[in-house]
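User: I would like to learn how to read a protein model step by step. Could you take me through the features slowly, giving the general idea before each case?

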Amino acid sequence: LDSLGRVIGVNTAIRSFTGVNSVVGFAIRVGIVKRVVPDLIAHGRYRHPWLGVTGRTISPEMVEAADLPAEVGVLVFEVEVDSPAEKAGLRGGQQQITVSGVQMLAGGDIVVAIDEVEVRDFDDVVNFLASHASVGDLVTLTVVREREEIKVGVTLEERPTSP
């Protein structure tokens, strides 16, 4: 609760370093709770919105090694089969490169914004989906493809469960 008694989060865990009541608490922001609870009531579970891509935050080393046309954003390595990203036409990489000893795929789309919100790293994508998107929403990705910035509409689906 804040100083006015408004709910600002829901505790999810505590960590005690001493075994007494001096603890660190962890909470889920109330905005996320407001998004999750209706799904729990309607479906008995939270349906996580899903794009269906794997990728990596662009680093200066990646820009140099792959001659990337953007210095910030998320380089898409792979687009999962039958995913919202595949249905929307997003492209993964085709060229195997090694950056700082790590192999990766280059040549794919670079996501630089979602619904006009700048994407600087992969966490920005994850946080946008968790905070602003729901299953069934149409989001507009701004991607750099072949050195040209384009808009791609993606209808989010429920993240598949692991087998």
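Analyst: Helices and strands are runs assigned by DSSP, with at least four residues for a helix and at least two for a strand, and they are numbered from the N terminus. Please keep in mind throughout that this is a predicted model.

User: What phi does Gly 44 take, just after α1?

Analyst: Gly 44, which directly follows helix α1, has a positive phi of about 80°. The helix before it covers residues 30–43, and its 14 residues reach 20 Å from the first C-alpha to the last, close to the 20 Å expected at 1.5 Å a residue.

User: How should I read a helix that has buried residues, and which residues of α4 are buried?

Analyst: An α-helix has 3.6 residues a turn, so residues three or four places apart point the same way. In α4, the buried residues include Val 125, Phe 128 and Leu 129. Because the buried residues of α4 fall within an arc of 95° when seen down the axis, they line one face of the helix. Their cover includes α1, β3, β5, β8, β9 and β10. At the N-terminal end of α4, Asp 121 acts as a cap, with a side-chain oxygen 3.1 Å from the backbone nitrogen of Asp 123.

User: Which strands are joined to β5 by bridges?

Analyst: Strand β4 (residues 53–57) is joined to β5 by five bridges, and the two run antiparallel; one pairing to look for is Gly 55 with Val 76. β5 is also joined to β8, by two bridges and again antiparallel, and here Val 74 has Val 111 as its bridge partner. Five of the six residues of β5 are buried, so that this strand is mostly covered.

User: Which residues touch the most other members of the largest nonpolar core?

Analyst: That core has 20 residues, and Leu 51, Leu 90, Val 111, Ile 114 and Leu 141 touch the most other members. β5, β8, α4, β10 and β11 each supply at least two of its residues. Taking Leu 141 as the case to follow, and leaving aside neighbours within four places in sequence, you will find it in contact with residues including Leu 51, Leu 90, Val 111, Ile 150 and Val 154. Apart from this core lies another, of 16 residues, among them Phe 77, Val 99, Met 104 and Val 112.

User: Is Val 99 buried or exposed?

Analyst: A residue counts as buried when its relative accessible area is under 20%. Val 99 has 4% relative accessibility and is therefore buried. This residue lies in strand β6, and its C-alpha is 6.2 Å from that of Met 62, although the two are 37 residues apart along the chain. Beyond four places in sequence, Val 99 touches Glu 61, Met 62, Ala 65 and Met 104.

User: And polar residues: is Asp 109 buried or exposed?

Analyst: Asp 109 is buried, with a relative accessible area of 1%, and it is found in the loop between β7 and β8. Its side chain reaches the backbone nitrogen of Arg 91 at 2.8 Å, while the residues it touches, beyond four places in sequence, include Val 74, Gly 89 and Val 143. Ser 83, in the loop between β5 and α3, is buried as well, at 0% relative accessibility. The side chain of Ser 83 reaches the backbone nitrogen of Glu 86 at 3.1 Å, and, not counting residues up to four places away in sequence, Ser 83 touches Trp 50, Leu 51 and Gly 52.

Conventions: Residues numbered from 1 in each chain as written. Predicted model: local features only at pLDDT ≥ 70, side-chain atom pairs only at ≥ 80, totals over all residues. Heavy atoms only, no water. Core = buried A, V, L, I, M, F, W, Y, C linked by side-chain atoms within 4.5 Å. Buried < 20%, exposed > 50% of the residue type's maximum accessible area, 1.4 Å probe, protein only. Contact = heavy atoms within 4.5 Å. Expected span 1.5 Å × (residues − 1). Pairing = 2+ DSSP bridges. Polar contact = N/O pair within 3.5 Å; in protein donor to acceptor, adjacent residues only side chain to side chain. Arc of directions from axis to C-beta.
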